[in-house]
Amino acid sequence: KHPSGGHGGHGGHAERPSSLLTAAVSATINFLLMFGLCCAYGMIMFEDDWNGAHRALGVKMNLGTALAMGLIVACGSKIAVGIGGPDLNPVVFIGGVAQTI
């Protein structure tokens with residue numbers, strides 16, 4: 001116990017030991033979230049019928065950038081939890097550029 005009678009400012013919650021199971025569940029949930037976003041953003045990027053053949057490429061581009069940014073954030077972050085992935089704004093911009101071309 002803390003000298004003041006409390007628990008040292010942690011609210012009675014101790015830090016849990018690292019768990020491979022918890023990390024695997026978290027990674028699976030994060031993957032499903034990122035994969036769903038990448039698929040949706042790839043479809044948004046090439047939404048018109050005339051460039052619909054490129055939707056698979058849009059999904060792959062989003063998956064690749066999500067992988068790259070996720071690795072950069074995970075390896076370069078000083079905090080234990082960091083999530084980096086796709087964003088809708090650049091996807092809409094790139095889709096507009098593809099439509100203009």
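**Exercise 1. How far apart should the ends of helix H1 (residues 20-45) be, and what is the distance between its end C-alpha atoms?**

Before starting, note that this is a predicted model, where local features need pLDDT of at least 70, side-chain atom pairs count only at pLDDT 80 or more, and totals for chains, interfaces and linings use all residues. Residues are numbered from 1 along each chain as its sequence is written, and side-chain values use heavy atoms, with hydrogens and water left out.

Step 1. Get the helix from DSSP: helices are runs of H or I with at least four residues, strands are runs of E with at least two, and both are numbered from the N terminus.

Step 2. The expected span is 1.5 Å times one less than the number of residues. For the 26 residues of H1 that gives 38 Å.

Step 3. Compare: the end C-alpha atoms of H1 are 36 Å apart, which agrees.

Step 4. Now look just before the helix. Ser19 caps the N-terminal end of H1, with a side-chain oxygen 3.4 Å from the backbone nitrogen of Leu21. The cut-off for a polar contact is a pair of N or O atoms within 3.5 Å; within protein, one must be able to donate a hydrogen and the other to accept it, and residues adjacent in sequence count only if both atoms are side-chain atoms.

**Exercise 2. Work out which residues of H1 are buried, and what covers them.**

Step 1. Set the scale: buried is under 20% relative accessible area, exposed is over 50%, and partly exposed is in between (1.4 Å probe, protein chains only).

Step 2. Pick out the buried residues of H1: Met34, Cys38, Tyr41, Gly42 and Met45.

Step 3. Find the cover, which includes helix H2 (55-76) and helix H3 (88-100).

Step 4. Zoom in on Met45, which is buried at 4%. Using contact as heavy atoms within 4.5 Å, and leaving aside neighbours within four places in sequence, Met45 touches Gly58, Met61, Asn62, Val91, Ile94 and Gly95. Met45 and Gly95 are 50 residues apart in sequence, yet their C-alpha atoms are 4.2 Å apart.

Step 5. Check from the H2 side. Asn62 sits in helix H2 and is buried, with a relative accessible area of 4%. Its contacts, not counting residues up to four places away, are Cys38, Tyr41, Gly42, Met45, Pro86 and Val91.

**Exercise 3. Classify the aromatic pair formed by Phe31 and Phe35.**

Step 1. Rings of Phe, Tyr and Trp (its six-membered ring) pair if their centres lie within 6.5 Å; planes under 30 degrees apart are stacked, over 60 edge-to-face, and the rest tilted. The count comes to 1 aromatic pair.

Step 2. The ring centres of Phe31 and Phe35 are 5.7 Å apart and the planes are at 25°, so the pair is stacked.

Step 3. Place the pair: Phe31 and Phe35 are 4 residues apart in H1, about one helical turn. Phe35 is partly exposed, at 35%.

**Exercise 4. Decide what Cys38 and Cys39 are doing: bonded or free of a disulfide?**

Step 1. A disulfide needs two cysteine sulfur atoms within 2.5 Å, and the count here is 0.

Step 2. Cys38 is in no disulfide, and its nearest cysteine sulfur, in Cys39, is 7.0 Å away. That is too far for a bond.

Step 3. Compare accessibility: Cys38 is buried at 0%, while Cys39 is partly exposed at 24%.

**Exercise 5. Sum up the fold and how confident the predictor is.**

Step 1. Count the elements: 3 helices and 0 strands, running α-α-α from the N terminus.

Step 2. Buried residues make up 15% of the 101 residues.

Step 3. pLDDT is the predictor's confidence in each residue, from 0 to 100. The mean is 78, and 87% of residues reach 70 or more. Among the elements, H1 has the highest mean (85) and H3 the lowest (77).
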